[in-house]
Amino acid sequence: MRKLLQRLGLITAALVLVGGCATQGDDANKAGGEFTFVSPGGQTRIFYPAAERGRISSLSGDDLLTPGKQTGIQDFPGQVVVLNVWGSWCGPCRSEADDLQAVQDKLGPQGVQVLGINVRDNQSAAADFHRDRGLTYPSIFDPAGRTLLSLRQFPRSTVPATIVLDRQHRVAAIFLTEMLESDLLPEVQKIAAEPAA
């Protein structure tokens, strides 16, 4: 009987621990705390209602085109920021670059800023790609993907990925797939049209 009670005690303790881990990320996001990514169970497009958005308090790194300059979300206060994780070696990234530029061109005047995060790349290849495509939005050069640590538990190996931050720099949407202008533009427009806090 004592062994049975000990086993039940261990099972109960394990369930409490697992339950606590399962809700920790959601509670942090709901409380307006720092963002914690929770695995979407196979989903590639994830949307967060305003009450459940976690913030990104800092995300910056070396500017791809300007040595010695730091670029990050702090450069765009009060703006919707569209983060795009890319590499010049990535076929889908190469394909979506023009679509991201179109979003920048069309929504920039409404307070939207695209910010690239170049990962697992060679700086000269990435800079050449950026210039050859005529991209006007900035990119962070981060071959190790360290800037993505600001997105706690975000899968750093997912390339391309697009993360849309609202005007308070809270995560409003995540796309773990290549995005076309026709898909991304309306989603960013909705977030840009939200009332200011």
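This report describes the sheet, the helices packed on it, the nonpolar core and one loop residue of a predicted model.

**The sheet**

An open sheet is built from 6 strands in the order 1-8-7-4-5-6, with mixed pairing. Strand 1 and strand 6 are its edge strands, each pairing on one side only. On average, neighbouring strands of this sheet are turned by 15° against each other, direction ignored. In general, the strands of a sheet pair through backbone hydrogen bonds, either parallel or antiparallel. Three of the antiparallel pairings are set out below.

| Strand pair | Sense | Bridges | A bridge partner or opposite residue |
|---|---|---|---|
| Strand 1 and strand 8 | antiparallel | 3 bridges | Arg45 opposite Phe175 |
| Strand 7 and strand 8 | antiparallel | 4 bridges | Leu165 with Val171 |
| Strand 4 and strand 7 | antiparallel | 5 bridges | Asn84 with Thr162 |

Strand 7 (161-165) thus appears in two of these rows, with strand 4 and strand 8 as its partners. With strand 8, strand 7 forms a hairpin that has 5 residues between the two strands. His169, in the turn of this hairpin, has a positive phi of about 60°.

Strand 7 is largely enclosed by the rest of the structure, because 5 of its 5 residues are buried. Ala161, Ile163 and Leu165 point one way from strand 7, while Thr162 and Val164 point the other way. Residues on both sides of strand 7 are buried.

**Helices on the sheet**

Helix 2 (91-107) lies across strand 4, strand 5 and strand 7 and runs at about 155° to strand 5. Helix 3 also packs on the sheet, where it touches strand 4, strand 5 and strand 6. The direction of helix 3 makes about 125° with that of strand 4.

Helix 4 covers residues 181-192. At 1.5 Å a residue its 12 residues should span 16 Å, and its end C-alpha atoms are 16 Å apart, which agrees. An α-helix has 3.6 residues a turn, so residues three or four places apart point the same way. The buried residues of helix 4 are Leu184, Leu185, Glu187, Val188, Ile191 and Ala192. Among the elements that cover these buried residues are strand 1 (45-47), strand 4, helix 2, strand 5 (112-118), strand 7 and strand 8 (171-175).

**The nonpolar core**

The largest nonpolar core has 53 residues, and those with the most contacts inside it are Leu83, Ile163, Val164, Val171, Ile174 and Leu184. Two or more residues each come from strand 4, helix 2, strand 5, helix 3 (123-132), strand 6 (139-141), strand 7, strand 8 and helix 4. Strand 4 gives the most to this core, with 6 residues.

Leu83 is in contact with Leu59, Ile73, Leu115, Ile117, Ala161, Thr162, Ile163 and Leu165, leaving aside its neighbours within four places in sequence. Of these partners, Ala161, Ile163 and Leu165 are the residues that point one way from strand 7.

**Asp75**

Asp75 is found in the loop between strand 3 (70-72) and strand 4 (80-86). Its relative accessible area is 37%, so Asp75 is partly exposed, a class that lies between under 20% for buried and over 50% for exposed. The side chain of Asp75 reaches the backbone nitrogen of Gly72 at 3.0 Å. Asp75 and Gln113 are 38 residues apart in sequence, and their C-alpha atoms are 9.9 Å apart in space.

Key: Residues numbered from 1 in each chain as written. Predicted model: local features only at pLDDT ≥ 70, side-chain atom pairs only at ≥ 80, totals over all residues. Heavy atoms only, no water. Buried < 20%, exposed > 50% of the residue type's maximum accessible area, 1.4 Å probe, protein only. Polar contact = N/O pair within 3.5 Å; in protein donor to acceptor, adjacent residues only side chain to side chain. Expected span 1.5 Å × (residues − 1). Contact = heavy atoms within 4.5 Å. Pairing = 2+ DSSP bridges. Core = buried A, V, L, I, M, F, W, Y, C linked by side-chain atoms within 4.5 Å. Axes fitted to C-alpha atoms, helices over the stretch in contact; angles between N-to-C directions.
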